[in-house]
Amino acid sequence: MAPTHNLFRAARPAFRNSSQFFRSNLRPNNTSKRWQSSSSSSSTAGAAPESFAKRMWNSPIGVKTVHFWAPVMKWALVLAGVSDFARPAEKLSLTQNVALTMTGLIWTRWCLIIKPKNYLLAAVNFFLGLVGIVQVSRIVMWQQSQKTLPAKLDEAVKQ
């Protein structure tokens, strides 16, 4: 016999019962048996719930993944931005802070779209955007004050 013939002959009982299987599962009150392995139901019945640390370790966004470590490391950017609040505005870079602001805002939105949602990364990017907005507003206000400074000096000289 040909190998394909043996394959079809072996699969025939599965296809023979498939129409009955689909019809029985479409009924509203399905009373058919659930397919479970006996080992999984008996092992989880008496098991204690996992600890928070174990759940975080095995989570798809847990400690073993980049979904955890990327936000943890990115907090350094937020802290650096906060420490720049003490620096004078004339020593800050407008382009760098605009880039940090846009990065924070764009990636905040992205973190809420991806699967699995990464709220820790969204939080750090949100705060990065806030720090950037504060810094950009400080720089812009300083630049505006520098534009009006010559007019004020001229008035002071005339008096």
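Here are four short exercises on a predicted model, each with a worked solution.

**Exercise 1. Work out which helix holds N125, and whether N125 is buried or exposed.**

Start with the position: N125 sits in helix α6, which covers residues 119–158. Next, check the accessibility. Buried means under 20% relative accessible area, and N125 comes out at 0%, so N125 is buried. Now look at what surrounds N125. Leaving aside residues up to four places away in sequence, N125 touches K74, T103, G104, L105, W107, T108 and C111. Finally, put N125 in context: the buried residues of α6 also include L121, A122, V124 and L128, and what covers the buried residues of α6 includes α4 (66–83) and α5 (94–111).

**Exercise 2. Follow α6 along its length and find where α6 bends.**

First, the span. α6 has 40 residues and runs 59 Å from its first C-alpha to its last, close to the expected 58 Å. Then the bend: α6 turns by about 30° at T148, and within four residues comes a proline, P150. Last, bring in the record. An unreviewed UniProt entry lists residues 119–140 as a "transmembrane region". In the model that stretch is 100% helix, with its end C-alpha atoms 31 Å apart.

**Exercise 3. Find the residues of the largest nonpolar core and the element that gives the most to it.**

List the members first: V78, C111, L121, A122, V124, L128 and V131, 7 residues in all. Then sort them by element, and α6 gives the most to this core, with 5 residues. To see how V78 fits in, check its contacts: not counting residues up to four places away in sequence, V78 touches V124, F127, L128 and V131.

**Exercise 4. Classify the ring pairs F68–W69 and W107–W110.**

The structure holds 4 aromatic pairs, and we'll take two of them. For F68 and W69, the ring centres are 4.9 Å apart and the planes meet at 90°. Planes over 60 degrees apart count as edge-to-face, so that is what this pair is. As for burial, F68 is buried at 19% relative accessible area, while W69 is partly exposed at 40%.

Now W107 and W110: their centres lie 4.8 Å apart with planes at 75°, so this pair is edge-to-face too. Why are they about one helical turn apart? Because W107 and W110 are 3 residues apart in helix α5. W107 is partly exposed, at 38%, and so is W110, at 39%.

One extra to look for in the viewer: W75, F126 and F127 form one aromatic cluster.

Technical notes: Residues numbered from 1 in each chain as written. Predicted model: local features only at pLDDT ≥ 70, side-chain atom pairs only at ≥ 80, totals over all residues. Heavy atoms only, no water. Helix = DSSP H or I, 4+ residues; strand = E, 2+ residues; numbered from the N terminus. Buried < 20%, exposed > 50% of the residue type's maximum accessible area, 1.4 Å probe, protein only. Contact = heavy atoms within 4.5 Å. UniProt positions renumbered as here; feature names shortened; annotations may be inferred. Expected span 1.5 Å × (residues − 1). Bend = angle between axes of the 7 residues up to and from the residue. Core = buried A, V, L, I, M, F, W, Y, C linked by side-chain atoms within 4.5 Å. Phe/Tyr/Trp six-rings, centres within 6.5 Å; stacked < 30°, edge-to-face > 60°.
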